[in-house]
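Hello,

Here is the structure I promised to pass on to you. Have a look at it first, and then read on for what turned up in it.

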Amino acid sequence: RDPKYLQFDAQISREFPIYERLTTTLRLEAFNVMNHPNFKTPTTGLTSSTFGQISSANDPRIFQGSIKVNF
């Protein structure tokens with residue numbers, strides 16, 4: 001069986017009008033907000049020296065932002 005997988009992502013954005021048809025959009029995103037470790041599946045090769053062990057985890061918490069100008 002694989003370990004339980006839990007991930008919570010969030011995104012917030014706001015549009016700012018500058019001049020008639022010119023606007024700016026500010027966007028902030030967060031991936032794996034709770035920073036919960038999501039382990040990958042164990043090694044299943046019977047001849048492997050790491051049989052049944054979980055040797056890595058998925059992505060850590062990541063934040064990113066962007067600014068977009070629409071005209």
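Contact, as I use the word below, means that heavy atoms lie within 4.5 Å. With that in hand, take Gln-53: leaving aside its neighbours within four places in sequence, Gln-53 is in contact with Pro-42 and Thr-43. Please keep in mind throughout that this is a predicted model.

Gln-53 sits in the loop between E2 and E3. With a relative accessible area of 45%, Gln-53 is partly exposed, because that value falls between the 20% limit for buried and the 50% limit for exposed. Between Gln-53 and His-36, which are 17 residues apart along the chain, the C-alpha atoms are separated by 19 Å.

Now for the overall picture. The chain has three strands and zero helices, and along the sequence the pattern reads β-β-β. The radius of gyration is 20 Å, well over the 11 Å that the globule rule gives for 71 residues, so the chain is more spread out than a compact globule. Taken along the principal axes, the box filled by the C-alpha atoms is roughly 65 × 20 × 15 Å. Buried residues account for 10% of the 71 residues. If you look at contacts between residues at least 6 apart in sequence, 55% of them join residues at least 24 apart.

On to the sheet. The three strands form an open sheet in the order E1-E2-E3, and the pairing is antiparallel. Strand E1 (10-19) and strand E3 (62-70) are the edge strands, each pairing on one side only. On average, neighbouring strands of this sheet are turned by 10° against each other, with direction ignored. As a reminder, strands of a sheet pair through backbone hydrogen bonds, either parallel or antiparallel.

E1 and E2 pair in the antiparallel sense over nine bridges. Two of the pairs are easy to find on screen: Ile-12 has Leu-28 in E2 as its bridge partner, and Glu-15 stands opposite Thr-25 in E2. How many of the 10 residues of E1 are buried? The number is zero, so E1 lies largely in the open.

The hairpin of E1 and E2 has two residues between the strands, and Glu-20 takes a positive phi near 25° there. Glu-20 is not a glycine, yet its phi is positive. This residue belongs to the loop between E1 and E2, and Glu-20 is exposed, with a relative accessible area of 72%.

Asn-32 makes a nice companion to look at. Its phi is near 55°, again a positive value in a residue other than glycine. Asn-32 lies in the loop between E2 and E3. Is Asn-32 buried or exposed? With a relative accessible area of 2%, Asn-32 is buried, because buried means under 20%.

Within strand E2, two residues deserve a moment. One is Thr-23, which is found in strand E2 and is buried, with a relative accessible area of 13%. Not counting neighbours within four places in sequence, Thr-23 is in contact with Glu-15, Phe-16, Pro-17 and Ile-18, and also with Lys-68, Val-69 and Asn-70.

The other is Glu-29, placed in strand E2 (residues 22-31). At 15% relative accessibility, Glu-29 counts as buried. Setting aside residues up to four places away in sequence, Glu-29 touches Ala-10, Gln-11, Ile-62, Phe-63 and Gln-64. A polar contact of 2.4 Å joins the side chains of Glu-29 and Gln-64, and another polar contact, of 2.8 Å, joins the side chains of Glu-29 and Arg-27.

How many salt bridges does a search of the whole structure find? It finds one. The side chains of Glu-29 and Arg-27 meet in a salt bridge, at 2.8 Å from N to O. Its two residues fall into separate classes: Glu-29 is buried at 15%, whereas Arg-27, at 36% relative accessibility, counts as partly exposed.

If you would like a place to begin in the viewer, try Glu-29, with its side-chain polar contacts to Gln-64 and Arg-27.

Best wishes

Terms used
Residues are numbered from 1 along each chain as its sequence is written. This is a predicted model: local features need pLDDT of at least 70, side-chain atom pairs count only at pLDDT 80 or more; totals for chains, interfaces and linings use all residues. Side-chain values use heavy atoms; hydrogens and water are left out. Helices (H or I, at least four residues) and strands (E, at least two) are DSSP runs, numbered from the N terminus. Buried means under 20% relative accessible area, exposed over 50%, partly exposed in between (1.4 Å probe, protein chains only). A polar contact is a pair of N or O atoms within 3.5 Å; within protein, one must be able to donate a hydrogen and the other to accept it, and residues adjacent in sequence count only if both atoms are side-chain atoms. Two strands pair if DSSP finds at least two bridges between them. Axes are lines fitted to C-alpha atoms, for helices over the stretch in contact, and angles run from 0 to 180 degrees between N-to-C directions. A salt bridge is a side-chain nitrogen of Lys or Arg within 4 Å of a carboxyl oxygen of Asp or Glu. The radius of gyration is taken over C-alpha atoms; the globule rule is 2.2 Å times the number of residues to the power 0.38.
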